[in-house]
Amino acid sequence: MQIQFQARSGSTAFSDTRSLARRWFGCSSLVLFLYTVYCLALAMAAYLRPLPTFDRLLYAGAVASLRYSDPATLHRIARAEFDAQPYPFRFESVAAEPYFADVRDNPYHFVQQLGLFRAKLGYVAGGYVLWRAGLPILVSLRLISAFSLFVIGLAVLAWTHDAVLSPLLLLTPPVLNTGRMVTADPLSTVMIFLAIFALASSRVRLSLCLLAVSMVVRADNVVFVLLLLVWMVWRKHLRLSAGVLCTMLAVATYAIVKRIAGIYGWRVLMQHGFVKPEIEPINHPILITFTDYLHTLAGLRTILYTFMTIWILVATAVWKRLPKGSIFFDLLPLTGLYIVIRLLMFPNFDDRFFVWTYLLAGVALIQTTHITASDVQTTVENTHQEVSFDD
């Protein structure tokens with residue numbers, strides 16, 4: 001009797017696991033296991049081969065600055081972290097320009113750059129927690145990015161329920177490189193993508209919480225958050241009073257993060273990022289002129305040669321085939337508006353800022369294929385019934 005009860009309990013547990021996999025991911029337990037292994041393999045490969053950027057030096061300093069304030073100490077810790085990285089991450093491969101060479105060698109100029117990277121407060125704080133737990137700083141930051149790619153993979157399958165097309169979406173270069181970046185954008189991408197997924201699943205409160213976290217990770221996410229809040233009120237996902245309250249909280253969150261992180265003003269960031277890097281932005285803040293801004297905007301013409309153009313075409317083609325009741329019918333134009341505003345504010349079209357919009361277009365594309373396949377099947381069945389009736 002006891003053996004039969006144990007066998008029955010084991011069978012019930014296995015059945016529950018299969019039901020959970022089918023309900024959450026739309027596939028069998030075996031397929032979910034294989035897909036999870038696939039996502040884990042991608043994340044491990046991304047962790048082992050991070051992109052060789054100079055920013056990792058400054059992110060290491062930003063993490064250390066949450067504990068120390070002495071410029072020489074911060075510089076020494078960041079240099080030690082950077083030197084510990086394997087090939088091809090030596091200074092000689094990324095510090096050929098005078099600005100990078102100066103920041104590498106001058107602790108006082110180095111410290112003045114950290115405000116540009118502490119702006120991603122949530123990401124820096126996550127690296128700090130792992131650092132205090134015993135991991136090296138850059139190992140911690142690489143783990144965050146790789147884990148973000150892993151979560152993105154599971155979220156894509158949970159949203160699409162397509163174990164064939166979802167792995168292909170993860171292999172697109174902008175998405176795959178997300179796990180290789182030592183920057184806040186992978187974690188920001190996860191937060192926004194999960195927030196939109198939660199909203200599409202009618203989990204409004206969870207979506208709002210994730211949006212708040214995304215602003216802590218990247219304060220400039222407030223632009224999309226405000227746009228989405230307006231849309232949520234318009235579509236009656238939120239009452240007007242709740243929308244006003246959430247808007248006030250979003251603005252307050254941005255102000256608090258800006259205060260704690262010591263974020264520089266917009267004109268300083270524009271000057272530093274698009275005109276000429278300033279080695280002493282605190283002592284000598286050179287502000288961008290309107291002429292410089294227009295010249296920077298002119299550089300956006302090269303967008304035509306980037307992945308963004310491809311994904312905009314995908315989103316446009318998918319949007320034309322979407323049923324009016326689909327949440328993507330509103331979200332795709334909304335994200336398009338966000339992209340325009342974001343580029344006008346900061347004319348940087350690096351894929352890392354917009355990966356979550358690419359993912360949104362990819363998920364919409366996969367769901368559209370399901371709708372098309374369903375329509376074809378319905379048409380075939382109706383035709384078959386008409387033929388049978390005529391016979």
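The accessible surface of this protein comes to about 20,200 Å², and carbon and sulfur atoms account for 65% of that area. I should say at once that what we have on the screen is a predicted model, and everything I go through this morning should be heard with that in mind. Of the 391 residues in the protein, 47% count as buried, and the secondary structure consists of 20 helices and zero strands. If we take the contacts between residues at least 6 apart in sequence, 74% of them join residues at least 24 apart.

Let me stay with the surface for a moment. L30, F33, L34 and V37 form a nonpolar patch there, and together these residues have about 420 Å² of accessible area. V37, to take one of them, is found in helix α2, which spans residues 29–48, and V37 counts as partly exposed because its relative accessible area is 41%, which lies between the 20% and 50% limits. As a general background, nonpolar side chains in soluble globular proteins tend to be buried together.

That brings me to the interior. The largest nonpolar core has 105 residues, and within this core Y123, L141, L228 and M232 touch the most other members. Which helix gives the largest share of this core? The answer is α9, from which 14 of the residues come. There is also a second, separate core of six residues, and among its members are A119, L121, V257 and A261. Coming back to L228 in the largest core, if we set aside residues up to four places away in sequence, L228 touches L199, L211, L331 and L334.

Now to the charged pairs, on which I would like to spend a little longer. Side chains of opposite charge can pair when their charged atoms come close, and a search of the whole structure finds eight salt bridges. Several residues are linked in a network of such bridges, namely D185, R218, D220, R342, D350 and R352. Within that network, R218 forms a salt bridge with D220, with the closest N and O atoms 2.8 Å apart, and both R218 and D220 are buried. D220 also meets R342 through their side chains, in a salt bridge with an N to O distance of 3.5 Å. D220 lies in the loop between α13 (204–217) and α14, while R342 lies in helix α19 (residues 328–345), so this pair ties together parts that are 122 residues apart in sequence. As for burial, D220 has a relative accessible area of 17% and is therefore buried, and R342, at 4% relative accessibility, counts as buried too.

Another salt bridge I would point out joins D330 and R235, where the closest N and O atoms are 2.6 Å apart. This pair links distant parts of the chain, with D330 in helix α19 and R235 in the loop between α14 and α15, 95 residues apart. Are these partners buried or exposed? D330 counts as buried, because its relative accessibility is 15%, whereas R235 is partly exposed, with a relative accessible area of 41%.

Next, a residue that I would ask you to find in the interior, Q113, whose place is in helix α6 (residues 107–113). Q113 counts as buried because its relative accessibility is 0%. Leaving out residues up to four places away in sequence, Q113 touches L58, Y99, V103, H272, E278, I279, E280 and P281. A polar atom of the side chain of Q113 lies 3.4 Å from the backbone oxygen of H109. The C-alpha atoms of Q113 and G61 are separated by 9.2 Å, although these two residues are 52 residues apart along the chain.

Finally, a word on backbone geometry. Most residues other than glycine have a negative phi, and against that background I would draw attention to H161 and K236. For H161, phi is near 55°, a positive value in a residue other than glycine, and H161 sits in the loop between α9 (137–160) and α10 (165–170), where it is partly exposed with a relative accessible area of 36%. For K236, phi is near 65°, again positive in a residue other than glycine, and K236 belongs to the loop between α14 (222–234) and α15 (240–261). K236 is exposed, because its relative accessible area is 72% and the limit for that class is over 50%.

How values were computed. Residues are numbered from 1 along each chain as its sequence is written. This is a predicted model: local features need pLDDT of at least 70, side-chain atom pairs count only at pLDDT 80 or more; totals for chains, interfaces and linings use all residues. Side-chain values use heavy atoms; hydrogens and water are left out. Helices (H or I, at least four residues) and strands (E, at least two) are DSSP runs, numbered from the N terminus. Buried means under 20% relative accessible area, exposed over 50%, partly exposed in between (1.4 Å probe, protein chains only). Contact means heavy atoms within 4.5 Å. A polar contact is a pair of N or O atoms within 3.5 Å; within protein, one must be able to donate a hydrogen and the other to accept it, and residues adjacent in sequence count only if both atoms are side-chain atoms. Patches are made of residues with over 30% relative accessible area and no salt bridge: like charges are joined within 9 Å, nonpolar side chains (Val, Leu, Ile, Met, Phe, Trp, Tyr) within 5 Å. Accessible areas come from the Shrake-Rupley method with a 1.4 Å probe; for residues, only the protein chains shown count as cover. A salt bridge is a side-chain nitrogen of Lys or Arg within 4 Å of a carboxyl oxygen of Asp or Glu. A nonpolar core is a set of buried Ala, Val, Leu, Ile, Met, Phe, Trp, Tyr and Cys residues joined through side-chain atoms within 4.5 Å.
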